[in-house]
Each structure stands twice: as structure tokens, then as C-alpha cells.
Amino acid sequence: MQPAKSLTRFLPTLFVIGTVIYLFTDPQGAAVAFKWAFEAIVTGAQQFAEFIKAIRQ
């Protein structure tokens, strides 16, 4: 197996493990981080939708 291929398979697992550890060690900080990430995703999606509308007109 190529190192790059195994690394790309392992990174999502590493992210999930880190997230779970963070959730259990600092629940309030994790809640703030998840809220910030959710708001960033929603804002980005809204801006992308406005961009698509502007292009179509």
C-alpha cells in the first residue's frame, strides 16, 4: 500500500478520534466550536446561493 493512500484513509478516522476526545475533555469548548462551525457552513451556503443567483441573472 502506498503511504499517501493509507494516510488519506486514516485522516478522517484521526479527525473523528480527536473530535471525540475534545468533546469529552472540554464539552463547553466543543459546543462553542460546533456552533461556530455550523454557523460558518450555513453562512457559506447562503453566500454561495446568492452567488449562483447573481450569475444566473
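**Entry 1: the greasy patch.** I started on the outside and found a nonpolar surface patch of about 640 Å². Its makers are Phe15, Val16, Val20, Leu23, Phe24 and Phe34. I'm reading all this off a predicted model, so I keep that in mind. Which helix gives the most to the patch? I checked, and it's helix 1, residues 3-25, with five residues.

**Entry 2: one patch member up close.** I picked valine 16, which sits in helix 1. Is valine 16 buried or exposed? Neither, quite: its relative accessible area is 48%, so I have to call it partly exposed, as that label covers what lies between the buried limit of 20% and the exposed limit of 50%.

**Entry 3: the whole chain.** I counted the secondary structure next and got two helices and zero strands. Helix 2 covers residues 27-56. Then I looked at the overall spread. The radius of gyration is 17 Å, whereas a compact globule of 57 residues would come out near 10 Å. The C-alpha atoms fill a box of roughly 45 × 40 × 10 Å along the principal axes.

**Entry 4: inside versus outside.** How much of the chain is buried? I found that buried residues make up 4% of the 57. The accessible surface comes to about 5300 Å², and carbon and sulfur atoms account for 71% of that.

**Entry 5: two stops on helix 2.** I went to alanine 49, which lies in helix 2. Its relative accessibility is 35%, so alanine 49 goes down as partly exposed. Glutamine 47 is in helix 2 too. With a relative accessible area of 52%, glutamine 47 is over the 50% cut-off and therefore exposed.

**Entry 6: distances.** I finished with two C-alpha to C-alpha checks. How far apart in space are alanine 49 and isoleucine 17? I got 33 Å, with their positions 32 residues apart in sequence. For glutamine 47 and arginine 9, I noted 31 Å in space and a separation of 38 residues in sequence.

Definitions and conventions. Residues are numbered from 1 along each chain as its sequence is written. This is a predicted model: local features need pLDDT of at least 70, side-chain atom pairs count only at pLDDT 80 or more; totals for chains, interfaces and linings use all residues. Side-chain values use heavy atoms; hydrogens and water are left out. Patches are made of residues with over 30% relative accessible area and no salt bridge: like charges are joined within 9 Å, nonpolar side chains (Val, Leu, Ile, Met, Phe, Trp, Tyr) within 5 Å. Accessible areas come from the Shrake-Rupley method with a 1.4 Å probe; for residues, only the protein chains shown count as cover. A salt bridge is a side-chain nitrogen of Lys or Arg within 4 Å of a carboxyl oxygen of Asp or Glu. Helices (H or I, at least four residues) and strands (E, at least two) are DSSP runs, numbered from the N terminus. Buried means under 20% relative accessible area, exposed over 50%, partly exposed in between (1.4 Å probe, protein chains only). The radius of gyration is taken over C-alpha atoms; the globule rule is 2.2 Å times the number of residues to the power 0.38.
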